[in-house]
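Visitor: Show me this model, please. I want the reason behind each label.

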Amino acid sequence: MSLVRPWRLERAITDVNVEELVSLGVRCVLFDRDNTVVPRDTGVAPAEVMEWISRVRAAGIALCMVSNNFHAQQVEASAAELECAVVHHAMKPAPFAVRRALSLVGVEAREAVLIGDQVFTDVMAGNLAGVRTILVEPQSTSDLWYTHIFRVFERAIGARR
């Protein structure tokens, strides 16, 4: 498996089929915060994301946010809003925070998926940790300056549709 290739591509986190996750034995959804569940330009999860999170929870699947964001209060506030566990200061693509999240929730890597909007952080971290990865399109065009550069490389390696 290539470290930069996601297991699956979806338009948005809300397009990930919860029933399919259950059928695949997924017991935990790990997810990135910025531009995956919370648009970078608003800081608040949209209603459709909240509804999707509710469906995941109702299916008996645990949730944990794994974020590189260094603004711990913002990340903690989002996790509280989504009522999920959280690991911030993740330092993705290093897999350590993903492994910590798996331990926190009490699942094996084979029982989890990691959903994120960036190849060189989310996808690589999940792949390095042995977790299936789902790459989604960013919710907003607002990004940090260096993320814009990474997106150029994502397109160059053909990681996006």
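Guide: What follows is a round of questions on the labels, each answered from the predicted model.

Visitor: What is the overall pattern of the chain, and how many helices and strands does it hold?

Guide: The chain has 6 helices and 6 strands. Read along the sequence, they follow β-α-β-α-β-α-β-α-β-α-β-α. Of its 161 residues, 48% count as buried. The exposed area is about 7,600 Å², with carbon and sulfur atoms supplying 56% of it.

Visitor: Why is Asn 35 called buried?

Guide: Buried means under 20% relative accessible area. Asn 35 has 0%, so Asn 35 is buried. This residue is in the loop between strand 2 (28-31) and helix 2 (47-58). Its phi is positive, about 70 degrees, although Asn 35 is not a glycine.

Visitor: And what makes His 89 partly exposed?

Guide: Partly exposed covers the range between the 20% limit for buried and the 50% limit for exposed. His 89 has a relative accessible area of 33%, so His 89 is partly exposed. Its place is in the loop between strand 4 and helix 4. His 89 also has a positive phi, near 55 degrees, and is a residue other than glycine.

Visitor: Which peptide bond is cis, and where is its proline?

Guide: The bond from Lys 92 to Pro 93 is cis, with omega near 25 degrees. Pro 93 sits in the loop between strand 4 (85-87) and helix 4 (96-105).

Visitor: Why are Cys 28 and Cys 64 not called a disulfide?

Guide: A disulfide needs two cysteine sulfur atoms within 2.5 Å. The sulfur of Cys 64 is 6.2 Å from that of Cys 28, its closest cysteine sulfur, so the pair is too far apart for a bond. The structure holds 0 disulfides. Cys 28 is in none, and its nearest cysteine sulfur is that of Cys 64.

Visitor: Are those cysteines buried or exposed?

Guide: The cut-off for buried is under 20% relative accessible area. Cys 28 has 0%, so Cys 28 is buried. Cys 64 is at 0% too, and therefore counts as buried.

Visitor: How do you know that strand 2 and strand 3 pair?

Guide: Pairing takes at least two bridges. Strand 2 and strand 3 are joined by 4 bridges, so they pair. They run parallel. Cys 28 stands opposite Ala 62 in strand 3. The chain crosses from strand 2 through helix 2 to strand 3, and this β-α-β crossover is right-handed.

Visitor: Which way do the residues of strand 2 point?

Guide: Cys 28 and Leu 30 point one way, Val 29 and Phe 31 the other. All four are buried. In a regular strand the side chains alternate between the two faces of the sheet.

Visitor: With which strand does strand 2 pair over 4 bridges besides strand 3?

Guide: Strand 5 pairs with strand 2 in the parallel sense, over 4 bridges. Val 29 stands opposite Val 113 in strand 5.

Visitor: What makes strand 6 a partner of strand 1 and of strand 5?

Guide: The minimum for pairing is two bridges. Strand 1 (residues 8-10) has 3 bridges to strand 6, so these two pair, and they run parallel. Strand 5 (residues 112-116) has 4 bridges to strand 6, so these pair as well, also in parallel. Ile 134 in strand 6 is the bridge partner of Arg 8, and Ile 115 stands opposite Ile 134. From strand 5 the chain crosses through helix 5 (residues 119-129) to strand 6, in a right-handed β-α-β crossover.

Visitor: Why is strand 6 called mostly covered?

Guide: A residue is buried under 20% relative accessible area. In strand 6 (residues 132-136), 4 of the 5 residues are buried, so the strand is mostly covered.

Visitor: Which residues touch the most other members of the largest nonpolar core?

Guide: They are Val 29, Phe 31, Val 37, Trp 52, Met 65, Leu 82 and Ile 115, in a core of 26 residues. Helix 2 gives the largest share, 4 residues. Another core, of 16 residues, lies apart from it and includes Val 98, Leu 102, Val 107 and Leu 114.

Visitor: What does Val 29 contact beyond its neighbours within four places in sequence?

Guide: Its contacts include Leu 21, Trp 52, Val 56, Cys 64, Val 113 and Ile 115.

Note on methods: Residues are numbered from 1 along each chain as its sequence is written. This is a predicted model: local features need pLDDT of at least 70, side-chain atom pairs count only at pLDDT 80 or more; totals for chains, interfaces and linings use all residues. Side-chain values use heavy atoms; hydrogens and water are left out. Buried means under 20% relative accessible area, exposed over 50%, partly exposed in between (1.4 Å probe, protein chains only). A crossover is right-handed if, with the strands pointing away from the viewer, the path from the first strand over the helix to the second runs clockwise. Accessible areas come from the Shrake-Rupley method with a 1.4 Å probe; for residues, only the protein chains shown count as cover. A nonpolar core is a set of buried Ala, Val, Leu, Ile, Met, Phe, Trp, Tyr and Cys residues joined through side-chain atoms within 4.5 Å. Contact means heavy atoms within 4.5 Å.
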